[in-house]
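User: Hi! Could you walk me through this one before I set anything up?
Analyst: Happy to, let's take a look together.
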Amino acid sequence: MLNIVLFGPPGSGKGTQSERLIKQFELIHLSTGDILRAQIAEKTKLGLEAKQIMDKGELVPDNVVVGMISGIIENNKNAKGFIFDGFPRTIAQAEVLDKMLIIHSTNVALLLMLDVEEEVLIKRLTLRGEKSGRKDDVDINIIQNRINVYHSQTKPVLEYYQKQGKAFQINGVQTEEEVYSDISKVMSKFVK
Ligand code: AP5
């Protein structure tokens with residue numbers, strides 16, 4: 001299995017680049033944000049609880065997110081691999097992911113960190129909010145809180161994988177094609 005963590009602050013392009021990676025490498029796209037939004041759309045109990053938290057730009061509890069992920073990994077044992085987009089977002093999630101993958105005799109091969117400065121993130125998310133109306137994109141205070149939460153709770157995950165020698169930094173302030181070209185250069189070291 002080839003398991004990739006696509007990492008970066010909100011609006012750095014994780015979803016956009018995931019789409020390209022899954023097409024090229026036939027991996028399963030596992031976006032915890034998308035799964036949660038689907039739960040909200042279906043008005044499930046989990047979705048209704050998550051909505052309150054997501055609308056504030058806070059993180060959904062680790063056990064909720066881990067529960068969603070573990071079922072999908074379990075049901076796709078023969079997959080070529082996964083793109084984890086927006087997960088893990090805390091050290092606790094990273095540790096659980098490692099344990100879950102070990103059970104399936106696999107691991108995280110690499111983490112791709114999309115590096116984008118705050119000013120650009122705010123511009124991108126505000127613009128998307130104007131078009132899509134995504135609740136957590138329409139209020140600058142919520143966007144700012146998501147960025148703050150990223151720095152306080154999620155950024156340590158980067159160090160966690162850096163210590164394992166698995167983290168690669170990509171300049172995310174380029175065109176989508178240029179970002180993917182840089183990702184492809186890193187990928188070529190892992191896929192022959
Ligand atoms: P999630 O859905 O993961 O959102 P996010 O991390 O805030 O990231 P976004 O989807 O906003 O941005 P992205 O990096 O994917 O960029 P994208 O490609 O979309 O999480 C939402 C919420 O769910 C969280 O706040 C939390 O509450 C909860 N949650 C999710 N996972 C969780 C977890 N593991 N634990 C706990 N809670 C969790 O691009 C953004 C915009 O920029 C788009 O409009 C795009 O067109 C544009 N763009 C992309 N690339 C470029 C480029 N190169 N140049 C110009 N524009 C670009």
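User: Where does Lys43 lie?
Analyst: Lys43 sits in the loop between H2 and H3. Keep in mind that this is a predicted model.

User: Is Lys43 buried or exposed?
Analyst: Lys43 counts as exposed, with a relative accessibility of 63%.

User: And what about the phi of Lys43?
Analyst: The phi of Lys43 is positive, about 55°, although Lys43 is not a glycine. For context, most residues other than glycine have a negative phi.

User: Which residue in the loop between H5 and S4 should I look at next?
Analyst: Try Ser105, which is placed in that loop between H5 and S4. Ser105 is not a glycine either, and its phi is positive, near 55°. Ser105 counts as exposed at 71% relative accessibility.

User: Thanks. Which two residues does a cis peptide bond join?
Analyst: Phe87 and Pro88 are joined by a cis peptide bond, with omega at about -5°. Pro88 belongs to the loop between S3 and helix H5 (91–103). In general, most peptide bonds are trans.

User: On to the ligand. Which residues come nearest?
Analyst: There are 31 residues around the ligand, and those that come nearest are Thr16, Thr32, Glu58, Arg89 and Arg128.

User: What are the distances for Thr16 and Arg128?
Analyst: For Thr16, a polar side-chain atom is 2.5 Å from an oxygen atom of the ligand. For Arg128, an N or O atom of the side chain is 2.6 Å from an oxygen atom of the ligand.

User: What about the backbone of Gly86?
Analyst: A backbone N or O atom of Gly86 is 2.9 Å from a nitrogen atom of the ligand.

User: Back to Arg128: which residue does Arg128 form a salt bridge with?
Analyst: Its partner is Asp137, and the closest N and O atoms are 2.6 Å apart. Arg128 is partly exposed at 34% relative accessibility, whereas Asp137 is buried at 1%.

User: And which residue pairs with Arg134 in a salt bridge?
Analyst: That would be Asp136, with 2.8 Å between the closest N and O atoms. Arg134 is partly exposed, at 22% relative accessible area, while Asp136 is buried at 11%. Through shared salt-bridge partners, Arg128, Arg134, Asp136, Asp137 and Arg146 are joined into one network.

User: Nice. How many salt bridges does the count come to?
Analyst: The count is 15 salt bridges. One of them links the side chains of Lys45 and Glu49, at 3.1 Å from N to O.

User: How many residues apart are Lys45 and Glu49 in helix H3?
Analyst: Lys45 and Glu49 are 4 residues apart in H3 (residues 45–54), so about one helical turn separates them. Lys45 is exposed at 65% relative accessibility, and Glu49 is partly exposed at 46%.

User: Last topic, the sheet. In what order do the strands come?
Analyst: The open sheet has 5 strands in the order S2-S3-S1-S4-S5, with parallel pairing. Strands S2 (28–31) and S5 (167–171) are at the edges with a single partner strand each, so each has one side without a neighbour in the sheet. From one strand to the next, the twist averages 20°.

User: How many bridges join S4 to S5?
Analyst: S4 (residues 110–115) and S5 run parallel and are joined by 5 bridges. Among the bridge partners, Leu112 is matched with Phe168 in S5.

User: And which strands does helix H2 touch?
Analyst: H2 (residues 32–41) packs on the sheet and touches S2 and strand S3 (81–85). The direction of H2 makes about 70° with that of S2.

Conventions. Residues are numbered from 1 along each chain as its sequence is written. This is a predicted model: local features need pLDDT of at least 70, side-chain atom pairs count only at pLDDT 80 or more; totals for chains, interfaces and linings use all residues. Side-chain values use heavy atoms; hydrogens and water are left out. A salt bridge is a side-chain nitrogen of Lys or Arg within 4 Å of a carboxyl oxygen of Asp or Glu. Helices (H or I, at least four residues) and strands (E, at least two) are DSSP runs, numbered from the N terminus. Buried means under 20% relative accessible area, exposed over 50%, partly exposed in between (1.4 Å probe, protein chains only). Two strands pair if DSSP finds at least two bridges between them. Axes are lines fitted to C-alpha atoms, for helices over the stretch in contact, and angles run from 0 to 180 degrees between N-to-C directions. Contact means heavy atoms within 4.5 Å. A residue is near a molecule or strand if one of its heavy atoms lies within 4 Å of it. A polar contact is a pair of N or O atoms within 3.5 Å; within protein, one must be able to donate a hydrogen and the other to accept it, and residues adjacent in sequence count only if both atoms are side-chain atoms.
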